[in-house]
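Please follow this account with the sequence and the structure side by side. It proceeds from helices to sheets and then to single residues.

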Amino acid sequence: MKRHKSRSGRFFAIGALGLLLLNGCANAPSILDPQGPAAARIANLWWLLFWMAMAVLVFVFAFLALALFRRRPVEVDAQRAQQRGIRVIIWAGVVMPAIVLAVVYVATLWTMRALATPVIPEGLTVHVIGQLWWWEVQYPEQQFVTANEIHIPVGQPVRIVLSSPNVIHSFWVPELHGKMDLMPGEINETWIQADRPGVYWGECAEFCGTQHAKMNFLVIAQPAEEYQAWLQQQQQPATTPTDPLAQEGQQIFLSANCLYCHAIRGTDAVGNLGPDLTHLASRRTLGSAIQENTAGNLAGWIVGPQHIKPGNLMPQSDLTSTELQALLAYLATLK
Ligand code: CUA
């Protein structure tokens, strides 16, 4: 009796561990907390598979318990015993697995069909390009480029066109849709839709080099008016600074090596190796959503990009602290 108790105790411990794993990362985005129709379909499929697997598990353990603990009756008729054994194999080993697999297969096909790209209104196409290790975000119809932040209108499907000039990356916003690869030499497409306004975490889901784990992005779903305002603001070229310190900072930006890699629309800087900085100050994060966009973090990034993200293309700068202050003052005007 005592032995039995400790066994069930262990069973509960395993169950509790499972629940802990499911709930443990409460703040991490989860596919089980869908915020859009595509992710909701995927979550439904996940739960179906989960409960079917649970049912199979319980069934198997029940038979195991039966085999272990039931007292075997003395079978007199050997032929009958053999026939019963064959029946068990046919039902439990062939018919039931076939039914389970057929249900999984049909449910998967059903989900895949439901995930087909819906009719997408004009103007809602975003090109996302996987760089090492950040995301270039182009709004082709609105003709501007940004980075690591994708704004979408709430409640509308947005087409995401994916490509990569270097290695394979994978675009994943767990709360909005499944993963889709960015392939060199190929164009892939996916779509996202958010039911509620909010900021949704995205990340690269395919190992793409040393900084793969620091290749994140944000999807920001906004009400229509707010989204339109953002579009209009992003379409504007950068404002010319009026503050003397910021003006000095602009000169530093244009005379240092910054402009070979970065673009700021409205200036001579048209580099395209690094993120477009035209509206840098309007973004929430730096370095592909690894840091909050604050003056301190930006200074740290400019002075030591290789400390924060070793292997990225941005070289160490040799600015003096006064030059850095001026540069920061200028970058803060890029709203
Ligand atoms: Cu890009 Cu991993």
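In this predicted model, the buried residues of helix H2 pack against helix H3 and strand E8 (188–192). The buried residues in question are Ala38, Ala39, Ala43, Leu45 and Met52. Helix H2 covers residues 37–69, and its length can be checked against expectation: at 1.5 Å a residue, its 33 residues should span 48 Å, and the end C-alpha atoms are indeed 48 Å apart, which agrees.

Strand E8, one of the packing partners of H2, also belongs to a sheet. This open sheet of five strands has the order E3-E2-E1-E5-E8, and its pairing is mixed. Strand E3 (144–147) and E8 stand at the edges; each has a single partner strand, so one side of each is left without a neighbour in the sheet. From one strand to the next, the twist averages 25°. The partner of E8 is strand E5 (residues 158–163), and the two pair in the antiparallel sense over five bridges. Within this pairing, Val158 stands opposite Ile192 in E8. Helix H4 packs on the sheet, where it touches strand E2 (134–139) and E3; the direction of H4 makes about 105° with that of E3.

Leu124 offers a closer view of the surroundings of this sheet. The residue is placed in the loop between helix H3 (78–114) and strand E1 (125–131). Is Leu124 buried or exposed? Its relative accessible area is 6%, and because buried means under 20%, Leu124 counts as buried. Leaving aside residues up to four places away in sequence, Leu124 touches Glu141, Pro153, Gln156, Pro157, Val158, Arg159 and Tyr227. One of these contacts, Gln156, is 32 residues from Leu124 in sequence, while the two C-alpha atoms are 8.5 Å apart in space. Val158, another residue that Leu124 touches, is the one that stands opposite Ile192 in E8.

A second sheet can now be considered. It is an open sheet of five strands in the order E4-E10-E9-E6-E7, with mixed pairing. At its edges stand strand E4 (149–153) and strand E7 (180–182), each with a single partner strand, so one side of each is left without a neighbour in the sheet. Neighbouring strands of this sheet are turned by 25° against each other on average, direction ignored. Strands E6 and E7 run antiparallel and are joined by three bridges. The bridge partner of His169 in E7 is Leu182.

Ser170 shows how this part of the second sheet is connected. The residue lies in strand E6 (residues 169–172). With a relative accessibility of 1%, Ser170 counts as buried. Its side chain is joined to that of Asp181 by a polar contact of 3.1 Å. Not counting residues up to four places away in sequence, Ser170 touches Trp135, Lys179, Met180, Asp181, Leu182, Glu203, Cys204, Ala205 and Glu206. Among these contacts is Leu182, the bridge partner of His169.

The account now returns to the helices, with H4 and H5. Gln236 is found in the loop between helix H4 (224–235) and H5. What degree of exposure does Gln236 have? At 45% relative accessibility, Gln236 counts as partly exposed. The side chain of Gln236 reaches the backbone oxygen of Gln232 at 3.3 Å. Beyond residues up to four places away in sequence, Gln236 touches Arg265, Thr278 and His279. Of these, Arg265 is 29 residues apart from Gln236 in sequence, and the C-alpha atoms of the two are 8.2 Å apart in space.

Helix H5 itself follows. At 1.5 Å a residue, the 12 residues of H5 (residues 244–255) should span 16 Å, and the end C-alpha atoms are 16 Å apart, which agrees. Which residues of H5 are buried? They are Ala246, Gly249, Gln250, Ile252 and Phe253. These residues cover an arc of only 160° around the axis, which puts them on the same side of H5. On the other side of H5, Pro244 and Ser255 are exposed. The buried residues of H5 pack against helix H6 (258–261) and helix H9 (321–331).

Note on methods:
Residues numbered from 1 in each chain as written. Predicted model: local features only at pLDDT ≥ 70, side-chain atom pairs only at ≥ 80, totals over all residues. Heavy atoms only, no water. Helix = DSSP H or I, 4+ residues; strand = E, 2+ residues; numbered from the N terminus. Expected span 1.5 Å × (residues − 1). Buried < 20%, exposed > 50% of the residue type's maximum accessible area, 1.4 Å probe, protein only. Arc of directions from axis to C-beta. Contact = heavy atoms within 4.5 Å. Polar contact = N/O pair within 3.5 Å; in protein donor to acceptor, adjacent residues only side chain to side chain. Pairing = 2+ DSSP bridges. Axes fitted to C-alpha atoms, helices over the stretch in contact; angles between N-to-C directions.
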